[in-house]
Amino acid sequence: MMLNVQVYRYNPEENREPYMRDYQVNTEGKDLMVLDVLNLIKQQDPTLVYRRSCREGVCGSDGLNINGKNGLACITPLSEVVAAGESLVIRPLMGLPIIRDLVVDMTQFYTQYEKIKPYLINETPAPAIERLQSPEDRDKLDGLYECILCACCSTSCPSFWWNPDKFVGPAGLLQAYRFLADSRDTAQRERLAGLEDPFSVFRCHGIMNCVNVCPKGLNPTKAIGHIRNMLLTAAS
Amino acid sequence: MAKSVTNFSGNGVSDWLIQRVSAVVLAVYLVVVAGWALFSSGGFDNWHGFMMSMPMKVFSILAVLSLVGHSWIGIWAISTDYIKHTVVRLAFQVAVVLALLVYMIWALTIFWG
């Protein structure tokens, strides 16, 4: 069974502008993952460039725009994105500069991630073995720590498209709340002070594109709501 | 942390709160004025008397201030999204703020004058 696949192509050394190229892929009637389809195209055309690593939804390397919706190519089956007789359209994640073909420059995304200080801050003397948490406090981190930084959420967010240098974005804010909610962290006040400007958090207008696309089923909008409430509590 | 000189309060938390409170004030004001228009006997004298009563004077001024704050915050956000040229964006934001201040002073003179 032949599947028509349109792939975004751009090699800055050869092309003046990006273009879409059509490929015919024989799926043999199987419900392949989108990454499998890309690998079959790569056999036809070795010049195609894309990122992938673990091929099982853990590393977050192959975040792509698949038929208009961001997702991980390795865990997105064709049956989920292509109706019978339709084409598969693969583009790079939106809003980030293109390096080549489906590979984007993630610098802006990581810069925002760095801003929120994604590590535990605790200046008190370290105990002999480890900093303990109650099971209830540990439960607060569920739905937050699982983020794999694939950037599917932030690159589906218009606020991040327009202000990638100022708005932290859903992925960064999910991690910001992950450390704000951690009972072992002692820098809550400093963390909140870094988020109270009009851009970092408050550019989120709650349209929930991030929730819609997250391949891990996480809810950045909810985390952003918690941060907003913490900021409001701290300021009043 | 990203700062802005043309932002209403300079603080995201304050802007967020003002945006919500002003929205509630405007919604209630709309209901009160629409309610009067629907259920009163009408006429300019009745309208004038209603609007110039002390509670409505205070409420109207509150609504005008809410409108100014709400618009300032909203249009500032939209213009920082869509107008990427710094000079054009600043000129637009200053023009909007000046217009809003003119409307505010005008409304204050009507209700307080």
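Here are a few notes on this predicted model, covering the A/B contact, the nonpolar cores and one lysine in chain B.

1. Starting with the interface: 15 residues of chain A are in contact with 12 residues of chain B. On the chain B side, helix 1 (12-39) and helix 3 (54-82) each put in at least two residues. Helix 1 of chain B has the largest share, at four residues. As for chemistry, the chain B side that touches chain A is a mix of five polar, four nonpolar and three charged residues.

2. Next, the largest nonpolar core, which runs to 60 residues. The ones with the most contacts inside it are V34(A), A73(A), L173(A), A176(A), Y177(A), V201(A) and I227(A). Helix 6 of chain A (residues 169-180) gives the most to this core, seven residues. Worth a look in the viewer: both domain 1 (2-104) and domain 2 (107-235) of chain A supply at least three residues to this core.

3. A73(A) deserves its own point. Setting aside neighbours within four places in sequence, A73(A) is in contact with M33(A), V34(A), L35(A) and L38(A), and also with R52(A), D62(A), L64(A) and I66(A).

4. There's also a second, separate core, this one of five residues; among them are F8(B), W72(B), I73(B) and A77(B).

5. Last, K84(B), which sits in the loop between helix 3 and helix 4 (86-112) of chain B. Buried or exposed? K84(B) has 9 other C-beta atoms within 10 Å, so this lysine counts as exposed, the cut-off being 12 or fewer. K84(B) is 24 residues from L108(B) in sequence, and their C-alpha atoms are 34 Å apart in space.

How values were computed. Residues are numbered from 1 along each chain as its sequence is written. Chains are lettered from A and ligands numbered from 1 in the order in which they are written. This is a predicted model: local features need pLDDT of at least 70, side-chain atom pairs count only at pLDDT 80 or more; totals for chains, interfaces and linings use all residues. Two residues are in contact if their C-beta atoms, placed from the backbone, lie within 7 Å. Ala, Val, Leu, Ile, Met, Phe, Trp, Tyr, Cys and Pro count as nonpolar, Asp, Glu, Lys and Arg as charged, and the others, Gly among them, as polar. A nonpolar core is a set of buried Ala, Val, Leu, Ile, Met, Phe, Trp, Tyr and Cys residues joined through C-beta atoms within 7 Å. A residue is buried if 20 or more other C-beta atoms lie within 10 Å of its own, exposed if 12 or fewer, and partly exposed in between; C-beta atoms are placed from the backbone. Domain bounds come from an automatic or database domain assignment.
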